Amino acid sequence: MKLHQSDTQKYQTVTGYDQTGVEINAERFNYSLIVLPEVPPRAWNAPSFDALTKEHFDLLGAEHPDVVILGTGARQRFIHPKLTAALTMRRIGVECMDSQAACRTYNILMGEGRKVALALVIDANEGKTA
């Protein structure tokens with residue numbers, strides 16, 4: 001799905017997404033990544049939802065966002081609270097949603113000037129049958 005351009009183009013904006021990846025400012029990414037409004041997207045060593053660890057979320061906490069939007073792939077999945085306990089103790093919210101909803105929510109919050117982090121799990125094997 002393509003999204004419309006907005007006046008937030010000086011920031012890192014999700015401009016498109018599909019089952020296999022995401023576009024940030026019209027640049028395609030086919031791997032898990034972290035997106036923050038004012039810094040270029042960067043790879044996130046999270047190969048799958050099931051591989052997420054406390055350390056993945058500690059990395060997000062280092063960015064000091066108000067909220068982390070976790071895109072869990074094609075369907076919404078919820079992480080165990082022990083993985084995000086350090087974020088919760090620092091009053092950083094974590095919201096889990098399917099990746100498409102996460103992209104839309106990130107754009108809305110970023111457009112409102114919120115300090116938001118988008119963490120997308122893009123699993124190359126999701127949806128493939130053995």
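Colleague: Does alanine 26 count as buried or exposed?
Modeller: In this predicted model, alanine 26 has its place in the loop between E2 and E3. Alanine 26 is not a glycine, although it has a positive phi of about 70°. Exposed means over 50% relative accessible area. Because its relative accessibility is 60%, alanine 26 counts as exposed.

Colleague: What is the relative accessible area of asparagine 25?
Modeller: Asparagine 25 is also placed in the loop between E2 and E3. Its phi is positive, about 50°, although asparagine 25 is not a glycine. The residue is partly exposed, and its relative accessible area is 27%.

Colleague: Which residue in E3 stands opposite glutamate 23?
Modeller: Strand E2 covers residues 21-24 and runs antiparallel to E3. The two strands are joined by 3 bridges. Opposite glutamate 23, in E3, stands arginine 28.

Colleague: Which strands stand at the edges of the open sheet of 3 strands?
Modeller: The order of this open sheet is E1-E2-E3, and its pairing is antiparallel. A strand with a single partner strand stands at the edge, so one side of it is left without a neighbour in the sheet. The edge strands are E1 (14-18) and E3 (27-29).

Colleague: By what angle are neighbouring strands of this sheet turned against each other on average?
Modeller: The sheet in question has the order E1-E2-E3. With direction ignored, its neighbouring strands are turned against each other by an average of 20°.

Colleague: What angle does the direction of helix H3 make with that of E1?
Modeller: Helix H3, residues 99-111, packs on the sheet. In doing so H3 touches E1 and E2. The angle between the direction of H3 and that of E1 is about 175°.

Colleague: How far apart are the end C-alpha atoms of H3?
Modeller: H3 has 13 residues, and at 1.5 Å a residue they should span 18 Å. The distance in the model agrees with this expectation, as the end C-alpha atoms are apart by 18 Å.

Colleague: Which residue caps the N-terminal end of H3?
Modeller: At this end of the helix, the backbone nitrogen of glutamine 100 lies 3.1 Å from a side-chain oxygen. Just after H3, glycine 113 takes a positive phi of about 85°. The capping residue at the N-terminal end is aspartate 98.

Colleague: What covers the buried residues of H3?
Modeller: The buried residues of H3 are Ser99, Ala101, Ala102, Cys103, Tyr106, Asn107, Leu109 and Met110. What covers them includes E1, E2, E4, strand E6 (67-71), strand E7 (93-97) and strand E8 (116-120).

Colleague: Which residue in E5 is the bridge partner of isoleucine 34?
Modeller: Strand E4 (residues 33-36) and strand E5 (residues 39-43) run antiparallel and are joined by 3 bridges. They form a hairpin, with 2 residues between them. In E5, isoleucine 34 has as its bridge partner arginine 42.

Colleague: Which backbone oxygen lies 2.6 Å from a polar atom of the side chain of serine 32?
Modeller: Serine 32 is found in the loop between E3 and E4, and its relative accessibility of 4% makes it count as buried. Neighbours within four places in sequence aside, its contacts include Arg42, Trp44, Leu120 and Ile122. The backbone oxygen at 2.6 Å from its side chain is that of alanine 46.

Colleague: Which backbone nitrogen lies 3.1 Å from a polar atom of the side chain of threonine 72?
Modeller: Threonine 72 is found in the loop between E6 and helix H2 (85-89), and is buried with a relative accessible area of 2%. Its side chain reaches the backbone oxygen of arginine 75 at 2.7 Å. The backbone nitrogen at 3.1 Å is that of arginine 77.

Colleague: How far apart in space are threonine 72 and isoleucine 122?
Modeller: In sequence, threonine 72 and isoleucine 122 are 50 residues apart. In space, C-alpha to C-alpha, they are apart by 7.9 Å.

Colleague: What radius of gyration does the protein have?
Modeller: The protein has 3 helices and 8 strands, and 45% of its 130 residues count as buried. A compact globule with 130 residues would have a radius of gyration near 14 Å. The protein agrees with this, having a radius of gyration of 14 Å.

Key:
Residues numbered from 1 in each chain as written. Predicted model: local features only at pLDDT ≥ 70, side-chain atom pairs only at ≥ 80, totals over all residues. Heavy atoms only, no water. Pairing = 2+ DSSP bridges. Helix = DSSP H or I, 4+ residues; strand = E, 2+ residues; numbered from the N terminus. Axes fitted to C-alpha atoms, helices over the stretch in contact; angles between N-to-C directions. Contact = heavy atoms within 4.5 Å. Expected span 1.5 Å × (residues − 1). Buried < 20%, exposed > 50% of the residue type's maximum accessible area, 1.4 Å probe, protein only. Polar contact = N/O pair within 3.5 Å; in protein donor to acceptor, adjacent residues only side chain to side chain. Rg over C-alpha atoms; globule rule 2.2 N^0.38 Å.
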